Amino acid sequence: MSLADLTFDLWRTFDEVTARRIAQKAADHVGGRLSHIEATEHLGAPLHRALVERDGQEFALIPGGRVSLGFDLNTWQPTAQQAADYAESREQGYGYGPDLRTHLERILSAPRSVHLDTVLMAVEDETLTEPPADIPAALSARGLRMPSPDEWEHACGAGSNTLFRWGDDCPLDRIPYGDDTGPHNEPNAFGLRIAYDTYRAELTSDVTAVHGGDGGESVCGGYGHLLAWLPLATANRNPETAEFVYGPDGEGLYDNYSTRPVLTL
């Protein structure tokens with residue numbers, strides 16, 4: 001089987017021997033080394049994490065194919081605690097709209113089905129060392145590129161249709177920043193350290209979207225518990241953060257943001 005034929009659905013059917021063989025093929029294709037492969041429980045079945053090291057950087061294999069992205073608000077109901085937490089934030093002047101559903105409609109990407117190529121994606125995001133406009137050329141010189149928003153969401157959620165990569169709920173007795181025990185500290189199903197720190201705001205090829213964090217805005221602003229967790233939501237494109245990053249106020253502050261390089265197969 002060629003790497004071009006590999007899909008997420010097919011990858012989930014492989015035993016360890018087959019997964020290792022395909023992952024080794026991906027490593028060979030990019031002149032890298034298969035550094036780690038293991039099975040983890042995901043969506044009620046085993047999913048293999050395959051990591052490839054190239055030039056001192058570790059990448060995770062992200063199988064693509066036809067995948068579902070975005071968050072379907074029509075099939076979701078907030079918990080009573082989530083609704084109450086949002087209402088409390090609204091009383092303090094934060095949030096958009098009269099209720100949590102209206103707020104989420106504004107910040108989350110809509111449900112959609114897309115076709116994605118299988119890629120290798122960096123396990124760790126990289127802090128920008130140049131203005132965003134210069135990053136594509138800088139990455140290209142290393143044989144890399146920025147991810148698309150669809151690639152980022154798929155890599156983060158790994159087929160999950162929940163609000164966060166770990167589920168629909170989050171701890172509402174604390175904020176994620178400074179919390180060493182929360183679900184955001186665990187690697188995701190593909191082995192990525194992603195959506196793990198609201199101070200990390202990851203840029204993609206789309207200037208209207210920022211992923212995985214809001215640069216710490218919600219924490220510094222004291223928005224409330226749920227609103228402090230929502231920047232980590234898989235489908236959150238943090239539109240206000242994107243406007244700031246690419247607007248005049250964000251000019252020169254590029255080292256506060258990051259991107260997650262992709263190695264095309």
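These legends walk through several close-up views of one predicted model. Residues are numbered from 1 along each chain as its sequence is written. Because the model is predicted, local features need pLDDT of at least 70 and side-chain atom pairs count only at pLDDT 80 or more, while totals for chains, interfaces and linings use all residues; side-chain values use heavy atoms, with hydrogens and water left out.

**View 1. The whole protein chain, with nine helices and eleven strands.** Helices (H or I, at least four residues) and strands (E, at least two) are DSSP runs, numbered from the N terminus. The radius of gyration is 18 Å, close to the 18 Å of the globule rule for 265 residues, so the protein chain is as compact as a globular protein of that length. That radius is taken over C-alpha atoms, and the rule is 2.2 Å times the number of residues to the power 0.38. Along the principal axes, the C-alpha atoms fill a box of roughly 55 × 45 × 35 Å. Of the 265 residues, 50% count as buried; buried means under 20% relative accessible area, exposed over 50%, and partly exposed in between (1.4 Å probe, protein chains only).

**View 2. Gly 44, out in a loop.** Look between β1 (33–42) and β2 (45–54) to find Gly 44. With a relative accessible area of 69%, Gly 44 is exposed. Pro 136 is 92 residues away from Gly 44 in sequence, and the two are 38 Å apart in space, C-alpha to C-alpha.

**View 3. Trp 11 and Phe 14, an aromatic pair.** Rings of Phe, Tyr and Trp (its six-membered ring) pair if their centres lie within 6.5 Å; planes under 30 degrees apart are stacked, over 60 edge-to-face, and the rest tilted. The count by this rule is seven aromatic pairs. Trp 11 and Phe 14 make an edge-to-face one, at 5.9 Å centre to centre with 75 degrees between the planes. Trp 11 is buried at a relative accessible area of 1%, and Phe 14 is buried too, at 14%.

**View 4. Phe 164 and Trp 166, a stacked pair.** Here the ring centres are 4.9 Å apart and the planes are at 5 degrees, so the pair counts as stacked. Phe 164 is buried, at 0% relative accessibility, whereas Trp 166 is partly exposed at 25%. Add Trp 229 to Phe 164 and Trp 166 and you have one aromatic cluster.

**View 5. Arg 106 over the ring of Tyr 96.** The charged end of Arg 106 sits 4.0 Å from the centre of the Tyr 96 ring. To count as over a ring, NZ of Lys or CZ of Arg must be within 6 Å of the ring centre and within 35 degrees of the ring normal.

**View 6. An open sheet of four strands.** The order is β7-β10-β8-β9, with mixed pairing. At the edges are β7 (126–127) and β9 (210–211), each pairing on one side only. Two strands pair if DSSP finds at least two bridges between them; β7 and β10 (residues 258–259) have two, in the antiparallel sense. Thr 127 stands opposite Ser 258 in β10.

**View 7. Thr 234, tucked into a loop.** This residue lies between α8 (225–229) and α9 (239–246). At 8% relative accessibility, Thr 234 is buried. Contact means heavy atoms within 4.5 Å; leaving aside neighbours within four places in sequence, Thr 234 is in contact with Trp 152, Glu 153, Cys 156, Gly 157, Leu 163, Phe 164 and Arg 165.
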